[in-house]
Amino acid sequence: MKLIFLGPPGAGKGTLAVKAVDILKVQQISTGSIFRAAVAAESPLGLKVKAIMDAGALVDDETTIALVKERLAMDDIQKGFILDGFPRTIAQAEALSGFSKIDKVINFEIPDSGVISRLGGRQVCRKCGYNFHAIYNKPSKSGVCDHCGGDVYIRDDDRPEAIQKRLVVYREQTEPLINYYRSKGLLVDIDATPMVDEIVMNFKKALGI
Ligand code: AP5
């Protein structure tokens, strides 16, 4: 199955994607994670995108599209994939339609207040990328990942001013994709406000599995 996870920052796309990968046996492709890995490695791509990401802006379409196109040409995605955080602009969606056919687009619905509370408490493992939350899903030992023992840190783009900027960017550049995919009959809305187990249940129902 080939899915897109669409929704505002902090809606829980990455959290559900980790569960969905297990259920569907497909690959998660998170453009945000790929960019963060490049930043951590201080690669040319990382050096190019770090300031953009920290400010809560979008990386340019050309760079992002080339990266996803290359990833989708690899052998391990032939059974399917979840695109988590791509496309984020109409130009990206148009480009994607030229190199892949998508089965469904899952649209995560959550008010801004929910986004702010989730991102304000998010803690991420530097090694495996697992998402914790200071209230909803704390690591058993503060600062240490339960899954791999890696360092747990707060993302630079989870500062209050960057969160506000990301919400504005989402409304202006990404939200138009809701109507874009709805008009193609691909969109499935999902309430992203309940706790994770309930969202997983609703996700399975939405896919009829
Ligand atoms: P990216 O990493 O994609 O960030 P994002 O879309 O802003 O999404 P997030 O990772 O912030 O949130 P999420 O929806 O995955 O929520 P999560 O599951 O973590 O992108 C980062 C940056 O990279 C962008 O700003 C941009 O610069 C660049 N970029 C990436 N893709 C790009 C593209 N296509 N084009 C251009 N630039 C691009 O959950 C959040 C928190 O809530 C966690 O703490 C979690 O534990 C908690 N939580 C999740 N679900 C629940 C729940 N149901 N109940 C309670 N808590 C929950």
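Colleague: What makes H2 stand out in the shell around the ligand?

Modeller: H2 gives the largest share of that shell, 4 residues. Keep in mind that this is a predicted model. Helix H1 (13–24), helix H2 (31–41), H6, S6 and helix H9 (196–207) each supply at least two residues of the shell.

Colleague: How do you know which residues surround the ligand?

Modeller: The cut-off is a heavy atom within 4 Å of the ligand. The shell holds 35 residues, and the closest are Thr15, Ala57, Arg88, Arg122 and Arg166.

Colleague: How do these shell residues divide into nonpolar, polar and charged?

Modeller: There are 16 nonpolar, 11 polar and 8 charged residues. Gly counts as polar in this division.

Colleague: Why is the pair between Ala57 and the ligand called a polar contact?

Modeller: A polar contact needs a pair of N or O atoms within 3.5 Å. A backbone N or O atom of Ala57 is 2.5 Å from an oxygen atom of the ligand. The pair therefore qualifies as a polar contact.

Colleague: What makes Gly12 and Gln92 pass that test?

Modeller: For Gly12, a polar backbone atom lies 3.0 Å from an oxygen atom of the ligand. For Gln92, a side-chain N or O atom is 2.9 Å from a nitrogen atom of the ligand. Both distances are within 3.5 Å, so both pairs count.

Colleague: How much of the ligand's accessible area does the protein cover?

Modeller: The protein covers 97% of the 1,000 Å² that the ligand has on its own.

Colleague: Now the sheet. Why are S6 and S7 called edge strands?

Modeller: The open sheet has 3 strands in the order S6-S5-S7, with antiparallel pairing. Strand S6 (131–133) and strand S7 (152–153) each pair on one side only, so they are the edges.

Colleague: How do you know that S5 and S7 pair?

Modeller: Pairing takes at least two bridges. Strand S5 (residues 122–125) and S7 have 2 bridges, so they pair, in the antiparallel sense. Cys125 stands opposite Val152 in S7. Helix H6 (residues 112–121) packs on the sheet and touches S5 and S6. The direction of H6 makes about 45 degrees with that of S5.

Colleague: What joins Phe86 and Pro87?

Modeller: A cis peptide bond joins them, with omega at about -5 degrees. Pro87 sits in the loop between strand S3 (81–84) and helix H5 (90–99).

Colleague: What is the phi of Lys25, and where does Lys25 lie?

Modeller: Lys25 has a positive phi of about 55 degrees, although it is not a glycine. Lys25 lies in the loop between H1 and strand S2 (27–30).

Definitions and conventions
Residues are numbered from 1 along each chain as its sequence is written. This is a predicted model: local features need pLDDT of at least 70, side-chain atom pairs count only at pLDDT 80 or more; totals for chains, interfaces and linings use all residues. Side-chain values use heavy atoms; hydrogens and water are left out. Contact means heavy atoms within 4.5 Å. Axes are lines fitted to C-alpha atoms, for helices over the stretch in contact, and angles run from 0 to 180 degrees between N-to-C directions. A polar contact is a pair of N or O atoms within 3.5 Å; within protein, one must be able to donate a hydrogen and the other to accept it, and residues adjacent in sequence count only if both atoms are side-chain atoms. Accessible areas come from the Shrake-Rupley method with a 1.4 Å probe; for residues, only the protein chains shown count as cover.
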